[in-house]
Amino acid sequence: MADRHVDFLLIGGGVASATAAKTLREEGATGSITIVSREIDPPYHRPPATKGYLQGAESKDDALVHPADWYAENDVELLSRVSVMGLDTDAHTATLSNKQTLSYGKALIATGAMVRRLGGVDGAQLDGIHYVRALGNSDAIRRDVEDVDRVVCIGGSYIGCEVAASLTALGKRVAIVLQEAEPLSGGFGLRAGVFFRDVLERHGVEIFGSDEIEAFLGDGDADDARVRAVTTRNGRELAAGAVVCGVGATPDVMLARKAGLALGEAGGVLCDARLKTSADDVYAAGDMCEYDSVVHGHALRIEHEDVAMTQGATAARNMLGQDVPYDTVPYFFSDLADWTSLEYVGPARSWNEELVVGSIPDGRFTIYYVDSGIVRGALTVGGHDDLERARQLIRSGERVSAGDLGAESYPA
């Protein structure tokens, strides 16, 4: 028998749950709402962890999704440092790590993703090797590099590039080792990657592309030995007083799998277009949500904050019976210190043509990623704002040409 009942159980302490709670109240929910979060802090935005918060320019309060007193003011129970250990979707009950059992009316699973670790690499246990998931990781990195001159970042996507820019802004010498030829080229292509390489290198960041980590070297044989260098597959040895790894993430579906929920090909919790899982009255949102996209016509799983927020809002509306599809065109954003900023809509899985509007050398441009005349994604840099037009084209599937957009055409 359950210890008590909640009308809306939100599992996970990130932006998806926080946004869902706010949407439920704004849309008229009067029932009880409980957020179960294993985090120490109230839900907060993750991007500052590699940008403003890491640089010391933003406080923890600045990063909060809602002010700390919002939850009590809106009658939302926030259980911090508590995990859901088991979910019985037939009985509509959840077993918590604090030994309570809750019955629920509707539930949202928003457990996010776990950082991928380089556990199989020699020396991965050395002190001074960091990963970024939470603000606490940023605190540890900032403390650790205080007396360090040189840092190596592993991975050339958002985390690696953002951390490299932030630590360079703090006066550190930083190198990036990445498997791709150019930074950020995995999602944006080589043309954009060359631009981002130029931005990073002009500010002193060293880029070692088409390479990967071979081993971490320590300063001794003791258990508390600290990293002093990294070696790469291409034979490089790079001095490193500290290392920050940004090599991807895996969806946290441990609870969902244990509960018997269906999983998708991308490893997320499989959902329909309304973010409903295979279990009655259970929805999903965020990094571990693999949903049937009415925009793209196939299942999609996205790891980015804006998607988690908008999915949390849509899931909340459907928990209230509104029956609305999640039809948002996914949006992404990033900053490299104050050197440049980017925004992106898509995502484009593949493309055979790039249509460029504006000037790449001047750092203010848009690249449309086009597959047989259909826009699949668009990247804007430096405030060159064509995003709304790109969203409309992605939704419509309308065929376009370079002339339609006033663009220069390049093969992908």
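**View 1. The cysteines form zero disulfides**. A disulfide here is a pair of cysteine sulfur atoms within 2.5 Å, and by that rule the count is zero. Welcome to a predicted model, in which local features need pLDDT of at least 70 and side-chain atom pairs count only at pLDDT 80 or more, while totals for chains, interfaces and linings use all residues. Residues are numbered from 1 along each chain as its sequence is written, and side-chain values use heavy atoms, with hydrogens and water left out. For Cys161, the nearest cysteine sulfur is that of Cys153, 8.5 Å away. Cys161 is buried, with a relative accessible area of 1%; buried means under 20% relative accessible area, exposed over 50%, and partly exposed in between, with a 1.4 Å probe and protein chains only. Cys245 is in no disulfide either, and its nearest cysteine sulfur, again that of Cys153, is 8.8 Å away. Cys245 is also buried, at 3% relative accessible area.

**View 2. Strand 15 is covered on both faces**. Strands (E, at least two residues) and helices (H or I, at least four) are DSSP runs, numbered from the N terminus. Strand 15 spans residues 242-245; Ala242 and Val244 lie on one side, Val243 and Cys245 on the other, and all are buried. Two strands pair if DSSP finds at least two bridges between them. Strand 8 (residues 129-131) pairs with strand 15 in the parallel sense over three bridges, and Ile129 stands opposite Val243. Strand 9 (residues 150-154) also runs parallel to strand 15, joined to it by four bridges. There, Ile154 has Cys245 as its bridge partner.

**View 3. Three strands make an open antiparallel sheet**. The strand order is 12-13-14, and the edges are strand 12 (213-218) and strand 14 (237-239), each pairing on one side only. From one strand to the next, the twist averages 25°; axes for such angles are lines fitted to C-alpha atoms (for helices over the stretch in contact), and the angles run from 0 to 180 degrees between N-to-C directions. Zoom in on strand 13 (residues 227-232) and you will find three antiparallel bridges to strand 14. Across this pairing, Thr231 faces Glu237 of strand 14.

**View 4. Ser166 is a buried residue of helix 6**. Helix 6 covers residues 158-169, and Ser166 has 0% relative accessibility. What is Ser166 in contact with, leaving aside its neighbours within four places in sequence? The partners are Thr50, Lys51, Leu54 and Gln55, where contact means heavy atoms within 4.5 Å.

**View 5. Helix 10 keeps its buried residues on the same side**. In this helix, residues 387-396, the buried ones are Leu387, Ala390, Leu393 and Ile394. They cover an arc of only 120° around the axis, so they share a side of helix 10; the arc is that of the directions from the helix axis to the C-beta atoms. An α-helix has 3.6 residues a turn, so residues three or four places apart point the same way. The buried residues pack against strand 21 (331-336), strand 22 (340-345), strand 24 (364-371), strand 25 (374-381) and helix 11 (402-405). Just after the helix, Gly397 takes a positive phi of about 70°.

**View 6. Leu379 sits among the best-connected members of the largest nonpolar core**. A nonpolar core is a set of buried Ala, Val, Leu, Ile, Met, Phe, Trp, Tyr and Cys residues joined through side-chain atoms within 4.5 Å. This one has 104 residues, of which Phe188, Phe196 and Leu379 touch the most other members. Setting aside neighbours within four places in sequence, the contacts of Leu379 include Phe188, Ala192, Phe196, Leu342 and Tyr369. Another core, of 20 residues, lies apart from the largest one, with Val121, Tyr131, Phe208 and Leu238 among its members.

**View 7. Some loop residues have backbone angles to look at**. In the loop between strand 22 and strand 23 (353-359) is Pro347, joined to Gly346 by a cis peptide bond with omega of about -5°. Leu275, in the loop between strand 17 (269-271) and strand 18 (282-284), is a residue other than glycine with a positive phi, near 70°. Leu275 is buried, at 0% relative accessibility. Ala337 lies in the loop between strand 21 and strand 22, and its phi is positive too, near 50°. Ala337 counts as buried at 16% relative accessibility.
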